[in-house]
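Here are my notes on this model, set out point by point. Please read them with the coordinates open.

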Amino acid sequence: MGNLSFRYIETNGIKLHTAIAGPEDGTLVILLHGFPEFWFGWKNQIQPLAEKGYRVVAPDQRGYNLSDKPEGIDYYTIDYLRDDVIGIIEFFQKKKAIIIGHDWGGAVAWHLAATRPEYVEKLIVLNIPHPRAMPRVFMKNPLQWMKSSYIAFFQLPNLPEKALGMREFKVMQQGIAKSSNPDAFTTSEIAQYKTAWSQSDALTAMLNWYRAIRRGSFKQLSEAKINVPVRIIWGIGDQFLSPMLAKESMSFCEEVNLAFVGEATHWIQHEQPEIVNHLIDQFINE
């Protein structure tokens with residue numbers, strides 16, 4: 001990735017390490033990664049967007065990789081995570097941005113668009129439902145409970161860190177490998193993830209996103225329909241999240257388009273980058 005720079009941005013009382021590309025006067029696009037990634041999860045999207053003239057910013061979100069890791073679960077509720085993104089927009093002296101999120105980053109993106117829509121020009125989410133869609137689908141599809149059982153495990157104290165960190169993050173590596181298409185992640189890429197996971201207090205901070213659910217994260221969610229344009233991009237082979245969640249999420253939007261992508265799993269931006277990049281570009285330019 002050429003012409004990529006890095007800097008720390010002060011926002012919402014912390015510093016976020018960010019990757020930045022594209023012209024300074026370009027429309028701001030913020031890429032929000034999920035668990036257990038970091039800015040590098042958008043390696044296939046940053047440069048194509050920058051080459052089209054966008055100012056692209058991909059932060060290590062709170063608790064991840066080189067960004068600050070405040071101590072205490074309460075600092076990882078979804079309002080805090082949303083306000084981190086607002087601070088990034090304001091740092092670049094923009095009124096709003098195109099927000100693109102995957103996994104937990106998508107949950108933050110949904111929340112930002114629902115509660116502070118004045119900061120969002122358009123919303124694109126990859127393989128993450130609107131947070132309020134999950135309980136609805138649990139009632140309709142008991143299988144989703146089984147697919148989501150890891151969420152309850154991650155909320156336990158101490159044990160998840162031990163399980164995920166042992167044998168040089170073997171469980172985390174296997175989890176990614178078994179839930180993605182072959183060759184979606186190279187050995188050298190996994191090595192970069194291991195470096196990020198090895199940062200001091202990173203595992204605890206990353207897991208605190210899940211633990212904050214019990215501290216009221218989802219009580220902070222808005223009931224209002226999202227009134228900015230939304231595109232949902234969904235790899236239909238996702239082992240964690242049923243396509244039913246994507247369809248259910250549409251009911252929370254005033255203006256929404258859903259694109260299912262074949263031969264893609266939860267890790268769709270790694271597996272089908274050309275399709276994902278086309279769908280992003282198409283939607284932005286509509």
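**Notes on the fold**

1. Start with strand β3, residues 28–32. In this predicted model, 5 of its 5 residues are buried, so the strand is largely enclosed by the rest of the structure. Both faces are covered. Leu28, Ile30 and Leu32 lie on one side, and Val29 and Leu31 on the other.

2. Next, the partner of β3. Strand β4, residues 55–59, runs parallel to β3, and 3 bridges join the two. Within this pairing, Val29 has Val56 of β4 as its bridge partner.

3. Now the whole sheet. It is open and built from 8 strands, in the order β1-β2-β4-β3-β5-β6-β7-β8. The pairing is mixed. β1 (5–11) and β8 (256–261) are the edge strands; each has a single partner strand, so one side of each lacks a neighbour in the sheet. On average, neighbouring strands are turned by 20° against each other, direction ignored.

4. At the β1 edge, β1 and β2 form a hairpin with 2 residues between them. Asn12 sits in the turn and has a positive phi of about 55°. The two strands run antiparallel, and 7 bridges join β1 to β2 (residues 14–21). Two positions are worth checking on screen. Thr11 stands opposite Ile14 of β2, and Tyr8 has His17 of β2 as its bridge partner.

5. β2 also pairs with β4. The sense is antiparallel, over 4 bridges. Here Ala19 stands opposite Ala58 in β4. Is β2 mostly covered or mostly exposed? It is mostly covered, with 7 of its 8 residues buried.

6. Which helices do the buried residues of α9 pack against? They pack against α2 (78–91), α3 (104–115), α6 (149–154), α7 and α8. Helix α9 spans residues 202–211, and 9 of its 10 residues are buried, so this helix is largely enclosed by the rest of the structure. The buried set is Ala202, Leu203, Ala205, Met206, Leu207, Asn208, Trp209, Tyr210 and Arg211. Note that Asn208 and Arg211 are on that list.

7. Two of those helices also pack on each other. For α7 (residues 159–179) and α8 (residues 187–197), the angle is about 130° and the axes are 11 Å apart. That angle makes α7 oblique to α8. Their crossing is right-handed. On the α7 side, the contact uses Glu168, Phe169, Met172, Gln173 and Ile176. On the α8 side, it uses Ile190, Lys194 and Trp197. By type, the contact residues divide into 5 nonpolar, 1 polar and 2 charged.

8. A last check concerns Glu248, which is in helix α10 (residues 243–249). Why does Glu248 count as buried? Its relative accessibility is 11%, and the cut-off for buried is under 20%. Leaving aside residues up to four places away in sequence, Glu248 touches Ala133, Arg136, Val137 and Lys140. Arg136 and Lys140 are thus among the residues in contact with Glu248. For a spatial reference, take Val120. Glu248 and Val120 are 128 residues apart in sequence, and their C-alpha atoms are 22 Å apart.

Terms used:
Residues are numbered from 1 along each chain as its sequence is written. This is a predicted model: local features need pLDDT of at least 70, side-chain atom pairs count only at pLDDT 80 or more; totals for chains, interfaces and linings use all residues. Side-chain values use heavy atoms; hydrogens and water are left out. Axes are lines fitted to C-alpha atoms, for helices over the stretch in contact, and angles run from 0 to 180 degrees between N-to-C directions. Angles under 35 degrees count as roughly parallel, over 145 as roughly antiparallel, 65 to 115 as roughly perpendicular and the rest as oblique. A crossing is left-handed if the near helix is turned anticlockwise from the far one by less than a right angle, and right-handed if clockwise. Contact means heavy atoms within 4.5 Å. Ala, Val, Leu, Ile, Met, Phe, Trp, Tyr, Cys and Pro count as nonpolar, Asp, Glu, Lys and Arg as charged, and the others, Gly among them, as polar. Buried means under 20% relative accessible area, exposed over 50%, partly exposed in between (1.4 Å probe, protein chains only). Two strands pair if DSSP finds at least two bridges between them.
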